[in-house]
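Subject: Handing over a structure

Dear colleague,

I am passing this structure on to you, and below the display I set out what was found in it. Please have the sequence and the coordinates open as you read.

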Amino acid sequence: MKYGAKMAQWAPFATSDPEPAGALPKYGTPMNLGALNKVTESPTYNEAKGYGDNALKVHVTEFKEALIDAEVNDLTNTVASAIFGATLEDETGQSLHFGAEDNPPYGGLAFYINKLLDGNVKTYQGIYYPKLKASIQGEEYSTKGESITLSNSKIRFLASTCNSGDWKIMSKDFTSEAEAASWVNEQIKASA
């Protein structure tokens, strides 16, 4: 059983040779997206069926793309600028300007989850999307009234297949969080 998600690391594609032939992408400087609340994955497929002699003869299903909806407790202006391609007013991250010409960069995303196996054995597993692009999700702002409503920052990514043919990679089960965190950092690291 899966429960918990932690350590959402993102990095933009490297400026030099970002997508080598037949390999996983190369990345620039990684950053943490913020305290991870949840990730929802929704893959879509192209599908075709062929009939003959009044029966189904062939059925082809191929991966198309996957929506990856992530929620973090708080998305800083610096991180939002990097993933959405928005303009940061200055280096201290004061004001963030979103414009019609913003062009979010391709990047990679990895995090790890907690798993509980038979016999209450705790393990950890890394999840890695090698090629995706972010887009802003609408926000909801509520006034304080009879109760307080907390809301997360939402990011929608569109994952696609990279040159290695992968759109998602899952690690083996690790026995410690440190191993899972190390795996995440190994996937999302700046190329030399």
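Of the contacts in the protein chain with a separation of 6 or more, 64% are accounted for by residues 24 or more positions apart. Please keep in mind throughout that this is a predicted model.

As for the overall layout, the protein chain holds two helices and 10 strands, and from the N terminus on these elements follow the order β-β-β-β-α-β-β-β-β-β-β-α. Taken along the principal axes, the C-alpha atoms fill a box of roughly 65 × 50 × 45 Å. The chain has 192 residues, of which 35% count as buried, and its accessible surface comes to about 11500 Å², with 48% of that belonging to carbon and sulfur atoms. Among the side chains, 17 are positive and 24 are negative, and the centres of these two sets lie 7 Å apart.

Turning to the interior, the largest nonpolar core has 27 residues, and those with the most contacts inside it are Leu 33, Leu 75, Ile 83, Leu 109, Tyr 129, Ile 155 and Phe 157. Two or more residues are given to this core by each of β1 (2-12), β4, α1 (77-84), β7, β8 and β9 (153-159), and β4 gives the most, with five residues. If you would like one residue to start from, Ile 155 may serve, since leaving aside residues up to four places away in sequence, Ile 155 touches Leu 33, Ile 68, Asp 69, Ala 70, Leu 75, Ile 83, Phe 84, Ala 134, Ser 135 and Gln 137. There is also a second, separate core of 14 residues, which includes Phe 13, Tyr 124, Tyr 128 and Phe 174.

Ile 155 belongs to the covered face of β9, together with Ser 153, Phe 157 and Ala 159, whereas Lys 154, Arg 156 and Leu 158 make up the uncovered face of that strand. How does β9 pair with β4, and over how many bridges? The two strands are antiparallel and are joined over seven bridges, with Val 72 standing opposite Ser 153 in β9. β8 and β9 also run antiparallel, here with five bridges between them, and Leu 158 in β9 is the bridge partner of Lys 133.

The helix α1 deserves a look of its own. Its buried residues are Val 79, Ala 80, Ser 81, Ile 83 and Phe 84, and these pack against β1, β2 (31-32), β5 (87-88), β6 (96-97), β8 and β9. After α1 comes Gly 85, which has a positive phi, near 75 degrees.

Two further residues are worth checking for their backbone angles. Most residues other than glycine have a negative phi. Asp 53, however, has a positive phi, near 50 degrees, and lies in the loop between β3 (36-52) and β4 (55-72). Asn 120 likewise has a positive phi, near 60 degrees, and its place is the loop between β7 (106-117) and β8 (121-136). Are these two residues buried or exposed? Asp 53 has a relative accessible area of 72%, which is over 50%, and therefore counts as exposed; Asn 120, with a relative accessible area of 61%, is exposed because that value too is over 50%.

With best regards

Conventions:
Residues are numbered from 1 along each chain as its sequence is written. This is a predicted model: local features need pLDDT of at least 70, side-chain atom pairs count only at pLDDT 80 or more; totals for chains, interfaces and linings use all residues. Side-chain values use heavy atoms; hydrogens and water are left out. Helices (H or I, at least four residues) and strands (E, at least two) are DSSP runs, numbered from the N terminus. Buried means under 20% relative accessible area, exposed over 50%, partly exposed in between (1.4 Å probe, protein chains only). Contact means heavy atoms within 4.5 Å. Accessible areas come from the Shrake-Rupley method with a 1.4 Å probe; for residues, only the protein chains shown count as cover. Lys and Arg count as positive and Asp and Glu as negative; His and the chain ends are not counted. The place of a charge is taken as NZ of Lys, CZ of Arg, CG of Asp or CD of Glu. A nonpolar core is a set of buried Ala, Val, Leu, Ile, Met, Phe, Trp, Tyr and Cys residues joined through side-chain atoms within 4.5 Å. Two strands pair if DSSP finds at least two bridges between them.
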